[in-house]
Amino acid sequence: GIIELLQWENPLKHINLWEEGDVNLKSNMRILVTGGAGFIGSHLVDKLMENEKNEVIVADNYFTGCKDNLRKWIGHPRFELIRHGPDAKCIFDKRPGTRLVSFSESGGMCIEPWDILNLEVCDNLQTIKTNVIGTLNMLGLAKRVGARILLTSTSEVYGDPLVHPQPESYWGNVNPIGVRSCYDEGKRVAETLMFDYHRQHGIEIRIARIFNTYGPRMNIDDGRVVSNFIAQALRGEPLTVQKPGTQTRSFCYVSDMVDGLIRLMEGENTGPINIGNPGEFTMTELAETVKELINPGVEINMVENTPDDPRQRKPDITNTKALLGWEPKVKLRDGLPLMEEDFRQRLGVTKKK
Ligand code: UDP
């Protein structure tokens, strides 16, 4: 999980990115979205840009995000796109003609963590660095400019949960030294940092724990289950269900997710608060649903799994409903075809009549 979002009154004038007159004077909210070129981030940007009073700045290093997701906003007077990672070093190397834009004394920005668990070539250290150092840098920036800051944490903080469904009060069951710990523990430290800055410096914080999310613009090849199954169905390849297939997840359509994030940011509750769809499916059920909706001809194969795979996951959204007035609207069977459309276009697979 994925975007960090920041609002502040006094924008980036210290770095001269936004000259006077550059900006739409009607606007009264400037929002920095780190990881805004990614899957969820770019949908959030679309929604924020619909409001004429918002100016949106995106910082992304394009490790997993993609400029194309934001193409309709490039050149828009209320929009700015910056290539930047969790610390400047990872983008700007020593080279004549490189201008280093330093955002703050405290370093760089926090961007979407490289969701390593799902990449073939893993960089666990990059993941934990992004979460810890990136969040620290963003908190430094928030403190300096008096911003409210939202952290998108993750249901992975619950680890392989022993309580089901998971309420926010559950502390989780996480292996500190396992292969997916860099992500789980990284986000857990990020939550701790948020609360310590809140308590010690009075920073206004919001924490969302986001559950599995799907929809258009998901990376096709990052190994997540919904994107894998849809791409496999469209390519006519067997759907790969990782053993045992009885493990469950609860999938939230991206428009619902964005709606929840905006409500959290605008509301009065710090969180952490779960944002996710309580509709729970086993991976075998998911494969069967994708097969039925997209390509009844494909096979379903059982394949090996990775260690520490959570056996079950489902958000308890009692608090989310009560505090944010939010609940998801899009059912899995309605969301999958919307994602299929996008994947067809990107994979160049046309629908048979
Ligand atoms: N999974 C699967 N087939 C795949 C990819 C994933 O059965 O091709 C399973 C995986 O074992 C896990 C679930 O789907 O139980 C969700 O995996 P994903 O990586 O999408 O999300 P996360 O584990 O982070 O919730």
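Threonine 240 of strand 8 has asparagine 301 as its bridge partner in strand 13. Strand 8 (239–242) and strand 13 (residues 300–303) pair in the parallel sense over four bridges, where pairing requires that DSSP finds at least two bridges between two strands. Helices (H or I, at least four residues) and strands (E, at least two) are DSSP runs, numbered from the N terminus. The model is a predicted one, in which local features need pLDDT of at least 70 and side-chain atom pairs count only at pLDDT 80 or more, while totals for chains, interfaces and linings use all residues. Residues are numbered from 1 along each chain as its sequence is written.

In a regular strand the side chains alternate between the two faces of the sheet. Strand 8 has a covered face, formed by Leu239 and Val241, and an uncovered one, formed by Thr240 and Gln242.

A second parallel pair is made by strand 5 (residues 148–154) and strand 6, joined by seven bridges. Here serine 153 has arginine 209 of strand 6 as its bridge partner. Strand 6 (residues 204–210) is largely enclosed by the rest of the structure, because six of its seven residues are buried; a residue is buried if 20 or more other C-beta atoms lie within 10 Å of its own, exposed if 12 or fewer, and partly exposed in between, with C-beta atoms placed from the backbone.

The two pairings are set out below.

| Strands | Sense | Bridges | Bridge partners |
|---|---|---|---|
| Strand 8 and strand 13 | parallel | four bridges | threonine 240 and asparagine 301 |
| Strand 5 and strand 6 | parallel | seven bridges | serine 153 and arginine 209 |

The ligand is surrounded by 14 residues, the closest being Arg224, Val225, Asn228, Gln242 and Met283; a residue is near a molecule if its C-beta atom, placed from the backbone, lies within 6 Å of it. Strand 8 gives the most to this shell, with three residues, and helix 4 (225–235) also supplies at least two. By class, the shell has three nonpolar, eight polar and three charged residues. Ala, Val, Leu, Ile, Met, Phe, Trp, Tyr, Cys and Pro count as nonpolar, Asp, Glu, Lys and Arg as charged, and the others, Gly among them, as polar.

Helix 4 packs with helix 6 (residues 283–294) at an angle of about 35°, their axes 10 Å apart; axes are lines fitted to C-alpha atoms, for helices over the stretch in contact, and angles run from 0 to 180 degrees between N-to-C directions. This contact has 10 nonpolar, no polar and one charged residues.

Threonine 318 lies in helix 7 (residues 318–324). Threonine 318 counts as partly exposed because it has 13 C-beta neighbours inside 10 Å.
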